[in-house]
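The following report describes a single protein chain, moving from its annotated domain to its sheets, its cores and one lysine.

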Amino acid sequence: MTVLTITPNPSLDRTYEIPGLGRGAVLRAGADRVDPGGKGVNVSRAVAAAGHPTVAVLPLGGPEGALLAQLLGGLGVAVAGVPVDGSTRVNVALAEPDGTLTKINAAGPDIGAAESRALLDTLAAEAARSRARWLVCSGSLPRGLSHEWYAAVVSRARENGVQVALDTSGPALAAALSARPDVVKPNAEELAEVVGRTLTTVGDAVKAADEVRAAGAGAVLASLGATGQLLVDNTGTYFGTAPVATVRSDVGAGDASLAGFLTAGGARARALVSAVAHGAAAVQLPGSQMPGPDDIRPEAVTVTTDVPLDLPLLPDVNGAVR
């Protein structure tokens with residue numbers, strides 16, 4: 001099963017592990033790493049780590065873009081790159097021993113009209129060539145692309161019989177719902193934003209997911225941080241949890257979850273088990289490293305249809321409810 005991803009604003013992600021963050025201080029890193037970044041890129045990395053074929057469609061610019069393609073190739077991800085004038089962005093993350101992560105995300109290049117068309121054409125060509133079962137549209141939209149860009153991608157893919165998983169936020173998510181993506185993958189904060197109110201319990205998240213489905217999404221796979229994960233689809237409502245010994249970094253954990261969900265079929269409890277197992281494995285790895293088969297423990301996952309509606313949404317290690 002081939003999973004095709006489109007990441008319109010990819011990055012190189014450099015992570016430094018530091019003893020503590022002091023404003024204005026000189027910090028010495030105990031370890032550092034550079035990983036290919038961007039939400040769709042992370043999904044492709046996790047799919048490849050699980051042994052499935054994947055193609056990442058990306059705008060690539062400058063030496064940073066060349067390095068990104070090189071790193072992905074070394075991880076078994078096929079890259080369909082579209083040259084752009086600007087340079088691929090570089091993001092920086094500072095990871096502290098207690099799991100606190102401070103991130104600095106660059107803006108990325110401005111995508112022009114011709115480059116936007118090239119991305120859409122490349123995506124269509126790769127979907128036909130690879131016979132992809134799933135297309136993942138993931139991440140923020142760069143400067144130059146309108147909020148409706150993902151909606152156009154979703155519509156075109158569905159017309160060609162490709163199932164679509166969408167992981168974005170804000171106006172781009174709201175605009176794309178009417179195009180009827182098969183799965184949307186928000187965290188709690190993004191889910192709250194799209195329905196326009198604060199979510200404090202799992203029951204609140206279930207109600208919000210129902211509203212997102214009513215607006216056009218086929219299913220909602222919601223990451224609720226330390227509380228667990230929620231799946232609402234046409235077969236029912238499922239809630240999954242797994243123990244996590246130590247959180248090293250939550251960068252890419254939601255992307256790993258989405259990859260696990262899709263490679264396990266993209267529906268029902270079995271896919272949620274895989275999603276939770278992938279996400280739990282990812283947060284215990286450094287930087288944005290994606291888990292491989294040896295890291296994943298599906299036997300440790302609990303999934304139930306007896307959803308704990310009154311359970312509070314717990315903040316993650318950075319203090320946000322996700």
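## Annotated domain

In this predicted model, the chain over residues 24-291 is 40% helix and 22% strand, with the end C-alpha atoms 35 Å apart. The range comes from UniProt, where an unreviewed entry lists residues 24-291 as "domain: Carbohydrate kinase PfkB".

## The sheet of ten strands

An open sheet of 10 strands with mixed pairing follows the order β5-β4-β1-β8-β9-β10-β11-β12-β13-β14. Its edges are formed by β5 (78-83) and β14 (302-304), and because each of these has a single partner strand, one side of each is left without a neighbour in the sheet. The partner of β14 in one antiparallel pairing is strand β13 (residues 236-241), the two being joined over 3 bridges, and within this pairing Gly240 stands opposite Val303 of β14.

Helices pack against these strands as well. Helix α9 (residues 268-282) packs on the sheet and touches β11 (219-223), β12 (229-233), β13 and β14, its direction making about 25° with that of β13. Helix α1, for its part, lies across β1 (3-6), β4 (54-60), β8 (134-138) and β9 (163-167), and runs at about 155° to β4.

## The sheet of four strands

Another open sheet consists of 4 strands in the order β3-β2-β6-β7, again with mixed pairing. Here the edge strands are β3 (31-37) and β7 (101-104), each of which pairs on one side only, while neighbouring strands are turned by 20° against each other on average, direction ignored. Strand β2 (residues 11-17) runs antiparallel to β3 and is joined to it by 7 bridges; Asp13 stands opposite Asp35 in β3.

## Nonpolar cores

The largest nonpolar core holds 52 residues, of which Leu135, Trp149 and Leu224 touch the most other members. A second core, separate from that one, has 30 residues and includes Val47, Ala256, Leu258 and Ala281.

## The surroundings of Lys39

Which residues surround Lys39, once its neighbours within four places in sequence are left aside? Lys39, which is found in helix α1 (residues 39-49), is in contact with Thr7, Ser138, Gly139, Asp167 and Asp255. With Asp255 there is a polar contact between the two side chains, at 2.9 Å.

The C-alpha atom of Lys39 is separated by 7.6 Å from that of Pro10, although the two residues are 29 residues apart along the chain. Lys39 has a relative accessible area of 28%, and since this value lies between the 20% limit for buried and the 50% limit for exposed residues, Lys39 counts as partly exposed.

Conventions. Residues numbered from 1 in each chain as written. Predicted model: local features only at pLDDT ≥ 70, side-chain atom pairs only at ≥ 80, totals over all residues. Heavy atoms only, no water. Buried < 20%, exposed > 50% of the residue type's maximum accessible area, 1.4 Å probe, protein only. Contact = heavy atoms within 4.5 Å. Polar contact = N/O pair within 3.5 Å; in protein donor to acceptor, adjacent residues only side chain to side chain. UniProt positions renumbered as here; feature names shortened; annotations may be inferred. Pairing = 2+ DSSP bridges. Axes fitted to C-alpha atoms, helices over the stretch in contact; angles between N-to-C directions. Core = buried A, V, L, I, M, F, W, Y, C linked by side-chain atoms within 4.5 Å.
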